[in-house]
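User: Please take me through this structure from the beginning. I have not seen it before.

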Amino acid sequence: MDPIREAHLSEPGLLVIDVAGRDDATVFAFQAAIARLWGTSTAEHTTRDVGQPGVRLRMYTDLRQVLEWGAPPEPESTAT
């Protein structure tokens with residue numbers, strides 16, 4: 001993976017996430033799960049390291065941009 005440059009993390013709440021997985025489907029499923037919760041630049045392809053198993057993907061996420069429709073549901077009250 002390329003090194004993370006300071007420009008990628010210029011403000012608090014910004015993340016660079018490097019994902020390694022067995023196959024494209026796995027890392028794209030992870031990317032989709034993160035993108036449902038926070039503002040995320042999605043990747044369209046994965047990379048492979050020669051001689052290494054699996055694939056890699058880099059994504060940039062902004063934790064300050066919580067998506068309303070992706071927020072986890074409120075816990076149900078269990079009054080008895």
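User: At the start of H1, which residue has a side-chain oxygen within 3.3 Å of the backbone nitrogen of Ala25?

Analyst: This is a predicted model, where local features need pLDDT of at least 70, side-chain atom pairs count only at pLDDT 80 or more, and totals for chains, interfaces and linings use all residues. Residues are numbered from 1 along each chain as its sequence is written, and side-chain values use heavy atoms, without hydrogens and water. Helices (H or I, at least four residues) and strands (E, at least two) are DSSP runs, numbered from the N terminus. At the start of H1, the backbone nitrogen of Ala25 lies within 3.3 Å of a side-chain oxygen that belongs to Asp23.

User: What pattern does the chain follow along the sequence?

Analyst: The chain has 1 helix and 3 strands. Read along the sequence, their pattern is β-α-β-β.

User: What distance does H1 reach from its first C-alpha to its last?

Analyst: H1 runs over 24-35 and has 12 residues. The expected span is 1.5 Å times one less than the number of residues, which gives 16 Å for H1. The model is close to that, as the reach from first C-alpha to last is 16 Å.

User: Why do the buried residues of H1 lie on the same side, and what arc do they cover?

Analyst: Buried means under 20% relative accessible area, exposed over 50% and partly exposed in between (1.4 Å probe, protein chains only). In H1 the buried residues are Val27, Gln31 and Ile34, and they pack against S1, S2 (38-41) and S3. An α-helix has 3.6 residues a turn, so residues three or four places apart point the same way. The buried residues of H1 are on the same side because their arc around the axis, taken from the directions to the C-beta atoms, is only 60°.

User: Is Gln31 buried or exposed?

Analyst: Gln31 lies in helix H1. Leaving out residues up to four places away in sequence, Gln31 touches Ser41, Thr42, Ala43, Leu57 and Met59, where contact means heavy atoms within 4.5 Å. Its relative accessible area is 5%, so Gln31 is buried.

User: Which element supplies the largest share of the largest nonpolar core?

Analyst: A nonpolar core is a set of buried Ala, Val, Leu, Ile, Met, Phe, Trp, Tyr and Cys residues joined through side-chain atoms within 4.5 Å. The largest one has 8 residues: Ile17, Val19, Val27, Ile34, Ala43, Val55, Leu57 and Met59. S1 (14-21), H1 and S3 (55-66) each supply at least two of them. The largest share, 3 residues, comes from S3.

User: What separates the C-alpha atoms of Ile17 and Arg58?

Analyst: Ile17 is in strand S1 and is buried, at 19% relative accessible area. Apart from neighbours within four places in sequence, Ile17 contacts Phe30, Leu57, Arg58, Met59 and Thr61. Ile17 and Arg58 are 41 residues apart along the chain, yet their C-alpha atoms are separated by 5.7 Å.

User: Which residues does Gly21 contact, leaving aside its neighbours within four places in sequence?

Analyst: Gly21 is also found in S1, and its relative accessible area of 16% makes it buried. Pro53 is 32 residues from Gly21 in sequence and 8.7 Å away in space, C-alpha to C-alpha. The residues in contact with Gly21, beyond those neighbours, are Val27, Gly54 and Val55.

User: What percentage of the 80 residues of the chain count as buried?

Analyst: Among contacts with a separation of 6 or more, 62% join residues 24 or more positions apart. Of the 80 residues, the part that counts as buried is 25%.

Notes: Polar contact = N/O pair within 3.5 Å; in protein donor to acceptor, adjacent residues only side chain to side chain.
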